[in-house]
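Open the model in your viewer and keep the selection tool at hand. This tour goes stop by stop, and each stop says what to pick next.

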Amino acid sequence: MNQLGLDLGSSVIKAVEVQREKSNTSLLKIAKADTTGINILSSSEADIKKAITFVTDFVMQNQLLGKYVTVSIPQALIFTKILSFPDLKGKDLEKAIEFEMVQESPIPLEDASKNYQILPSNAGKSDSTEVLVVIAPNMLTKKILNIVKSSGLQIQAIEPTSTANIRAIMDEERENPTTIIADIGEKNTDILIYSDFALRFTRSVSTGFESVVKAAAQDLNLEKVQAAEYVKSYGLLSDKLNGKIKDAVSPIMGVILNEIKRSITFYESRNSSNLVKRVVFCGGGSLIPGLVVYSANYLNTEVQIANPWNRLTSLGKYADRQKELEDIGPLFTTAVGLGLKPAS
Ligand SMILES: Nc1ncnc2c1ncn2[C@@H]1O[C@H](COP(=O)(O)OP(=O)(O)OP(=O)(O)O)[C@@H](O)[C@H]1O
Ligand SMILES: [Mg+2]
């Protein structure tokens, strides 16, 4: 069976098609396109039309018409919380969850789809039941589904980018060291902690690659396009251009890395026997040269860049382009996760 993952990012649309046969998964197709000038989230009729035309062209150009698709919903735009319930079970637990969802939801629940999942027990917090609550505004879900359906695709599922990123990065069958995943996108950085087979923490910050480029443009008096090229080429490398780009972008990288640090501190203060062992970066912003060394020093933790292709059994016709795929892996992490969603 073929499955398509479609990641509608705010700057790049990414698609990954995967063929599944029993436990084998092989890569059929990857595609991406720059969404400059398109606003998937706008409510204006003209913008919606433009977005539909854009995605339709993408579908046609890449021969994706009629495919079954799992599409992303941005983590930063939904409400995710992990609630803790000491000593509650069965019906009492269900009642408490329903009650807490109403209390916690930032939007009226009649305007949202809500979901909860009782998490497997957490070694760091064995005295209580942890529950993952996800609340997505109907307006947002409807907008995304409308664009995707109108573009000639068949909807299989819609899924938060966080869930897809976990599937693309973690080997969910095995015990993993407690991991922070940080998705540095165009507009946002989504931080999550995965431990004991479940998502245990999320936080989104509105600082992403766009802010990094802005800082470089301002500091060095460059046009944005030129600044973006410099950041992509020299990033955080101190031996390039006398470290000028590094100096310009360090403060903004510091904002992102400080949020990661704060997330680690917060989590560890509540899970003292379950410390964070590594940070895995994904998203286009993680392609900034020098990020691994810079952030490993800053955070004093092991740092890796995501390679989502590891989750596939075969790279199919892309097998002889392994290095090239690895280089762009971080951009496609969410799309790979979406493409690998098990059929329900
Ligand atoms: N070497 C690189 N190759 C391609 N893109 C890069 C590279 N380095 C940085 N980027 C930038 O990363 C950004 C895209 O990242 P990504 O695709 O993860 O964002 P997005 O998913 O569209 O955004 P968001 O998740 O905020 O909605 C682009 O602005 C792109 O220019
Ligand atoms: Mg993204």
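Select strand β2 (residues 12–21) and strand β3 (residues 24–34): they run antiparallel, joined by 10 bridges. Strands here are DSSP runs of E, at least two residues long, and helices are runs of H or I, at least four, both numbered from the N terminus. Two strands pair if DSSP finds at least two bridges between them. Pick Ile13; opposite stands Ala33 in β3. Now go to the turn. β2 and β3 make a hairpin with 2 residues between them, and Lys22 there has a positive phi of about 50°.

A word on the model and its numbering. This is a predicted model: local features need pLDDT of at least 70, side-chain atom pairs count only at pLDDT 80 or more, and totals for chains, interfaces and linings use all residues. Residues are numbered from 1 along each chain as its sequence is written, while chains are lettered from A and ligands numbered from 1 in the order in which they are written.

Widen the selection to the open sheet β3-β2-β1-β4-β8, which has 5 strands and mixed pairing. β3 and β8 (154–160) are the edges; each has a single partner strand, so one side of each has no neighbour in the sheet. Inside it, strand β4 (residues 68–73) runs parallel to β8, with 6 bridges. Thr70 has Ala157 in β8 as its bridge partner.

What packs on this sheet? Show α9: it touches β1 (2–8), β2, β3, β4 and β8, and its direction makes about 140° with that of β1. Contact means that C-beta atoms, placed from the backbone, lie within 7 Å. Angles run from 0 to 180 degrees between N-to-C directions, with axes fitted to C-alpha atoms, for helices over the stretch in contact.

Add helix α4 (residues 161–169). Its axis comes within 7 Å of that of helix α9 (residues 322–339), crossing at roughly 85°. The two are therefore roughly perpendicular, a term for angles of 65 to 115 degrees. Among the residues that meet are Thr161 and Ile169 in α4, and Thr333 and Leu338 in α9.

Next, select the open sheet β11-β10-β9-β12-β13, with 5 strands and mixed pairing. Its edge strands are β11 (198–205) and β13 (302–305). Strand β10 (residues 189–195) pairs with β11 in the antiparallel sense over 7 bridges.

Finish at ligand 1. Of the 18 residues around it, Gly9, Ser10, Gly185, Gly283 and Gly284 come nearest; a residue counts if its C-beta atom, placed from the backbone, lies within 6 Å.

Methods:
Parallel < 35°, antiparallel > 145°, perpendicular 65-115°, else oblique. Contact = placed C-beta atoms within 7 Å.
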